[in-house]
Amino acid sequence: MTPKEKAKELVKRYADFNSSMLQMMSGKYSNGIAKQCALIAVDEILNMYFSNHLEEDYWKDVKVEIVLL
């Protein structure tokens, strides 16, 4: 999976969750909230120790793609 595909997947998963929660609360939805949640998840992954620097670069690329969405 490319970093861009992973970024879209993460944002969509959070968007689906946030959409349900926000509809219950106010009937509104914000993609910005989903992007912030996805960025938090990627930051957590980046803070973990990677024995393979290519894997770390992959997640950095995913983070860039989330911001660009």
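Student: Why is D43 called partly exposed?

Tutor: In this predicted model, D43 has a relative accessible area of 29%. Partly exposed covers values between the buried limit, under 20%, and the exposed limit, over 50%, so D43 at 29% belongs to that class.

Student: What makes K63 and D43 a salt bridge?

Tutor: Their closest N and O atoms are 2.4 Å apart. The cut-off is within 4 Å, so the pair qualifies. K63 sits in helix α3 (residues 53-68) and D43 in helix α2, 20 residues apart, so this pair links distant parts of the chain. K63, at 27% relative accessibility, is partly exposed too.

Student: How do you know that V42 is buried?

Tutor: Its relative accessible area is 0%. Buried means under 20%, so V42 clearly meets the definition. V42 lies in helix α2 (residues 31-47), and its contacts include L10, W59 and I66.

Student: Is K6 buried or partly exposed, and why?

Tutor: K6 is buried, because its value is 18% and the limit is under 20%. Its partner E9 has 27%, so E9 counts as partly exposed.

Student: What makes K6 and E9 a salt bridge?

Tutor: Their side chains meet at 3.3 Å, N to O, and the cut-off is within 4 Å, so the name fits. They are three residues apart in helix α1 (residues 3-25), so about one helical turn separates them.

Student: How many salt bridges are found in the whole structure?

Tutor: Three. One of them joins E56 and K60 at 3.6 Å, N to O.

How values were computed: Residues are numbered from 1 along each chain as its sequence is written. This is a predicted model: local features need pLDDT of at least 70, side-chain atom pairs count only at pLDDT 80 or more; totals for chains, interfaces and linings use all residues. Side-chain values use heavy atoms; hydrogens and water are left out. Helices (H or I, at least four residues) and strands (E, at least two) are DSSP runs, numbered from the N terminus. Buried means under 20% relative accessible area, exposed over 50%, partly exposed in between (1.4 Å probe, protein chains only). Contact means heavy atoms within 4.5 Å. Lists of a residue's contacts leave out its neighbours within four places in sequence.
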